[in-house]
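These are my notebook entries on a single structure. I set down what I looked up, in the order in which I looked.

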Amino acid sequence: FAVNDEQPNTAELKTLHKTIKKIREDIENFSFNTSISAFMICLNELGACHKREVLEPLAVLIAPFAPHIAEELWEAMGHAESIFAAS
């Protein structure tokens, strides 16, 4: 897939940060099933977003839940090192 360096709009950033907050809370509360729901809601709200500034944090965020897919996505975005080396 093609990732671009275009700046995300306000709605995309809001969706990203809302998802990060929700996943962080779910992990702290061991509510993993609602984390998966939050990912699905996020993807529905983002639609066909190909912006690096949005996709990279989402790949890092999904890595604990789907490590193999996250690694593939990370590599497809042009990274040579493992996603687990990312901050």
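**Entry 1: T19 and the conventions**

I began with T19, which sits in helix α1; helices (H or I, at least four residues) and strands (E, at least two) are DSSP runs, numbered from the N terminus. The model is predicted, so I note that local features need pLDDT of at least 70 and side-chain atom pairs count only at pLDDT 80 or more, while totals for chains, interfaces and linings use all residues. Residues are numbered from 1 along each chain as its sequence is written, and side-chain values use heavy atoms, with hydrogens and water left out.

I looked up the accessibility of T19 and found a relative accessible area of 4%, so T19 is buried. Here buried means under 20% relative accessible area, exposed over 50%, and partly exposed in between (1.4 Å probe, protein chains only). I then listed the partners of T19, leaving aside neighbours within four places in sequence: A38, C42, L58 and L61 are in contact with T19. Contact means heavy atoms within 4.5 Å.

**Entry 2: α1 against α2**

Two packed helices are described by the angle between their axes and the distance between the axes. I read both for helix α1 (residues 10-28) and helix α2 (residues 32-46): the angle is about 175° and the axes are 9 Å apart. Axes are lines fitted to C-alpha atoms, for helices over the stretch in contact, and angles run from 0 to 180 degrees between N-to-C directions. The angle therefore makes α1 roughly antiparallel to α2; angles under 35 degrees count as roughly parallel, over 145 as roughly antiparallel, 65 to 115 as roughly perpendicular and the rest as oblique.

From α1, the contact is made by E12, T15, K18, T19, K22, I23, D26 and I27. From α2, F32, T34, S35, A38, F39, C42, E45 and L46 take part. I sorted this contact by class and obtained seven nonpolar, four polar and five charged residues. Ala, Val, Leu, Ile, Met, Phe, Trp, Tyr, Cys and Pro count as nonpolar, Asp, Glu, Lys and Arg as charged, and the others, Gly among them, as polar.

I checked D26 separately, as a residue of helix α1. D26 has 5% relative accessibility and therefore counts as buried. Not counting residues up to four places away in sequence, D26 touches S31, T34 and S35.

**Entry 3: aromatic pairs**

How many aromatic pairs does a search of the whole structure find? I recorded three. Rings of Phe, Tyr and Trp (its six-membered ring) pair if their centres lie within 6.5 Å; planes under 30 degrees apart count as stacked, over 60 as edge-to-face and the rest as tilted.

The rings of F30 and F32 have centres 6.1 Å apart and planes at 85°, so I entered the pair as edge-to-face. F32 and F65 have ring centres 6.3 Å apart and planes at 65°, so this pair is edge-to-face. The pair of F32 and F65 links distant parts of the chain, 33 residues apart: F32 lies in helix α2, and F65 in the loop between α3 (52-62) and α4 (67-76). I also noted that F30, F32, F39 and F65 form one aromatic cluster.

F30 is in the loop between α1 and α2, and has a positive phi of about 55° although it is not a glycine. With 66% relative accessibility, F30 counts as exposed. F32 is partly exposed at 40%, and F65 is partly exposed at 26%.

**Entry 4: cysteines**

I counted zero disulfides, a disulfide being a pair of cysteine sulfur atoms within 2.5 Å. C42 is in no disulfide, and the nearest cysteine sulfur, that of C49, is 8.9 Å away. C42 counts as buried at 1% relative accessibility, and C49 is buried with a relative accessible area of 9%.

**Entry 5: α3 and α4**

Which residues of α3 are buried? I listed V54, L55, E56, L58, A59 and L61. These buried residues of α3 pack against α1, α2 and α4.

Last, I looked up P67, which is in helix α4. P67 counts as partly exposed at 30% relative accessibility. P67 and E25 are 42 residues apart in sequence and 20 Å apart in space, C-alpha to C-alpha.
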